[in-house]
Amino acid sequence: MQTEYQQRRQDLIAKIGSGTAIFTSAPTAVMHNDVEYIYRQDSDFFYLTGFNEAQAVAVLAPHHPEHRFILFVQPKDPEKEVWTGYRCGVEGAKELYGADIAYPIAELDEKLPQYLEKADRIYYHLGRDRNFNDKIIQHYQSLLRTYPKRGTGPIAIADPSILLHNMRLYKSKIELDLMRQAVEIAVEAHNYALQSTKPGRYEYEIQAEIEHLFRLRGGMGPAYPSIVAAGKNACVLHYIENNSQLQEQDLLLIDAGCAYSYYNSDITRTFPVSGKFTPEQKALYEIVLEAQKQAISAVKPGNPFHAPHDTAVRILTEGLVELGLLKGDIDKLISEEKYKPFYMHRTSHWLGLDVHDVGLYQHGENPQILQPGQVLTIEPGLYIVPDTKPAEDQPEIDPRWLGIGIRIEDDVLVTSEGNEVLTAGVPKEIKDLER
């Protein structure tokens with residue numbers, strides 16, 4: 001992996017030219033009082049370094065004669081390491097992570113200027129750490145004041161995210177291998193949940209079994225808070241209470257993904273708790289499934305990012321009209337977004353180091369074009385929220401539809417020939433879900 005991280009740094013260095021780029025590690029987060037959450041490194045920082053400790057700063061200085069990759073880290077401290085875990089220290093930062101030079105984090109203010117004074121700009125993302133933002137701005141202002149005497153130094157601060165996030169949009173073979181592992185674990189967990197679901201169980205029981213398999217198979221745990229939503233709970237898009245008992249006539253929507261070595265999967269399936277769809281559930285499910293299949297077929301090189309969403313919206317709208325939940329001309333219903341009370345989210349997002357991964361969806365008026373190496377979700381749904389109020393020109397909703405929520409989600413890789421559904425191992429055909 002170190003070769004991979006080194007190549008990423010070289011690629012970014014080529015893009016920043018004579019600038020200096022600065023990246024900070026993620027802060028530690030407090031769960032309650034003095035108890036911290038399990039540490040999770042900032043994705044950009046990890047992408048470039050593989051370094052998984054807090055209180056660290058990475059600097060890329062392509063113009064420096066000796067040091068192009070610099071790490072500032074917590075030094076070794078046996079007394080503190082007994083309490084909070086081992087540190088790689090300054091020497092380990094060089095030996096294990098390939099830094100040209102490493103310093104204790106306490107020396108940042110002293111050492112950083114030498115990596116800025118010959119740069120034409122500072123690449124730094126002004127993030128949530130206001131104190132560190134102020135520190136970078138102070139260094140910039142100090143160098144700017146002396147610029148007339150030296151004729152060198154940064155004259156602007158630019159955000160490196162635009163450059164770096166476009167790099168992250170295209171997954172390497174190593175990244176795809178890690179994502180496939182995250183998918184494989186999640187596929188097993190979803191299939192187990194399908195087989196073990198029955199009336200009388202609780203949502204949290206299913207959640208526990210899914211997340212047990214995530215860890216048992218070597219994953220870091222859930223990629224995001226698992227959604228296990230029975231009945232009308234499935235109409236809450238980010239439902240995470242997971243405390244209801246499963247009833248005979250319920251559908252169960254499970255939206256759960258595994259994190260593996262920082263990379264994520266993201267899968268949703270909806271199926272009948274009793275093993276048999278009701279007529280209404282089946283009718284809505286068939287529409288969502290067809291919308292998802294057609295949206296996946298729109299994932300291919302050269303298509304705009306929004307093509308799968310536009311495809312799904314049309315299929316869903318046509319289906320809603322056929323069932324009498326909407327009425328009117330299809331094109332007009334779509335242009336006026338009359339489908340939104342039933343389908344209120346987008347069909348896709350990027351997937352990778354982050355569940356909602358980085359990368360532009362739009363370049364001004366021009367959409368992002370799908371290209372090989374990108375990974376995105378395809379997740380249409382229909383949600384007949386119990387208290388949905390139809391528009392004035394739309395029909396009243398027959399109570400038999402109320403409280404049904406359905407979403408089907410797969411992770412799809414754009415390939416040179418078209419696409420590969422990474423999560424195809426979890427069944428979604430009605431014949432495979434009923435028993």
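Trainee: Leaving aside its neighbours within four places in sequence, which residues is threonine 423 in contact with?

Mentor: Val183, Val187, Ile267, Arg269, Asp410 and Asp411. Contact means heavy atoms within 4.5 Å. The model is predicted, so local features need pLDDT of at least 70 and side-chain atom pairs pLDDT 80 or more, while totals for chains, interfaces and linings use all residues. Residues are numbered from 1 along each chain as its sequence is written, and side-chain values use heavy atoms, without hydrogens and water.

Trainee: Why is threonine 423 called buried?

Mentor: Its relative accessible area is 0%. Buried means under 20%, exposed over 50%, and partly exposed in between (1.4 Å probe, protein chains only). Threonine 423 therefore counts as buried. It sits in the loop between strand 21 (419-421) and helix 14 (430-433). Helices (H or I, at least four residues) and strands (E, at least two) are DSSP runs, numbered from the N terminus.

Trainee: How many helices and strands does the chain have?

Mentor: There are 14 helices and 21 strands. The C-alpha trace spans about 75 × 50 × 40 Å along its principal axes. Of the 435 residues, 52% count as buried. Among contacts with a separation of 6 or more, 71% join residues 24 or more positions apart.

Trainee: What makes asparagine 33 exposed?

Mentor: Its relative accessible area is 72%. That passes the exposed cut-off, so the label holds. Asparagine 33 lies in the loop between strand 2 (30-32) and strand 3 (35-36).

Trainee: What stands out about phi of asparagine 33?

Mentor: Phi is near 50°, a positive value in a residue other than glycine. Most residues other than glycine have a negative phi. Glutamate 337 also has a positive phi, near 55°. This glutamate is in the loop between helix 13 and strand 15.

Trainee: Why is glutamate 337 called partly exposed?

Mentor: Glutamate 337 has a relative accessible area of 39%. That value is between the two cut-offs, so the residue is neither buried nor exposed.

Trainee: Where does histidine 349 lie, and how do you know that it is buried?

Mentor: Histidine 349 is in the loop between helix 13 (330-335) and strand 15 (362-363). Its relative accessibility is 8%, so it counts as buried. Beyond four places in sequence, histidine 349 touches residues including Phe305, His356, Tyr361, Glu379 and Glu409.

Trainee: What makes the pairing of histidine 349 with aspartate 266 a polar contact?

Mentor: The two side chains come to 3.1 Å. A polar contact is a pair of N or O atoms within 3.5 Å; within protein, one must be able to donate a hydrogen and the other to accept it, and residues adjacent in sequence count only if both atoms are side-chain atoms. The distance is within the limit, so the term fits.

Trainee: Which residues are closest to the centre of the second largest pocket?

Mentor: The second largest pocket holds about 390 Å³ of space. Of its 18 lining residues, His238, Asp255, His349, His356 and Glu379 are closest to the centre. The lining divides into seven nonpolar, five polar and six charged residues.

Trainee: What makes a nonpolar core, and which residues have the most contacts inside the largest one?

Mentor: A core is a set of buried Ala, Val, Leu, Ile, Met, Phe, Trp, Tyr and Cys residues joined through side-chain atoms within 4.5 Å. The largest has 104 residues, and Leu71, Leu252, Ile254 and Leu382 have the most contacts inside it. Helix 9 gives the largest share, 10 residues. Apart from this core lies another, of 18 residues, among them Val57, Ile70, Ile101 and Tyr140.

Trainee: How do you know that tyrosine 140 is buried?

Mentor: Tyrosine 140 has 15% relative accessibility, so it meets the buried cut-off. Its place is in helix 6 (residues 130-145). Beyond four places in sequence, tyrosine 140 touches Ile122, Pro154, Ile155, Ala156 and Ile157. Glutamate 117 is 23 residues away in sequence, and 9.3 Å away C-alpha to C-alpha.

Trainee: Which residues line the largest cavity?

Mentor: His190, Leu194, Arg269, Phe271, Val426, Pro427 and Leu433. Helix 9 (173-196) and strand 14 (267-272) each give two or more of the lining residues. The cavity has a volume of about 40 Å³. Isoleucine 254 touches His190, Arg269 and Phe271, among others.

Key:
1 Å grid on protein atoms, 1.4 Å probe; cavity = no way out; pocket = protein on both sides within 12 Å on 5 of 7 lines; lining within 4 Å. Points joined across faces, edges and corners; volume = space filled by probe spheres on them. Nonpolar A, V, L, I, M, F, W, Y, C, P; charged D, E, K, R; others polar.
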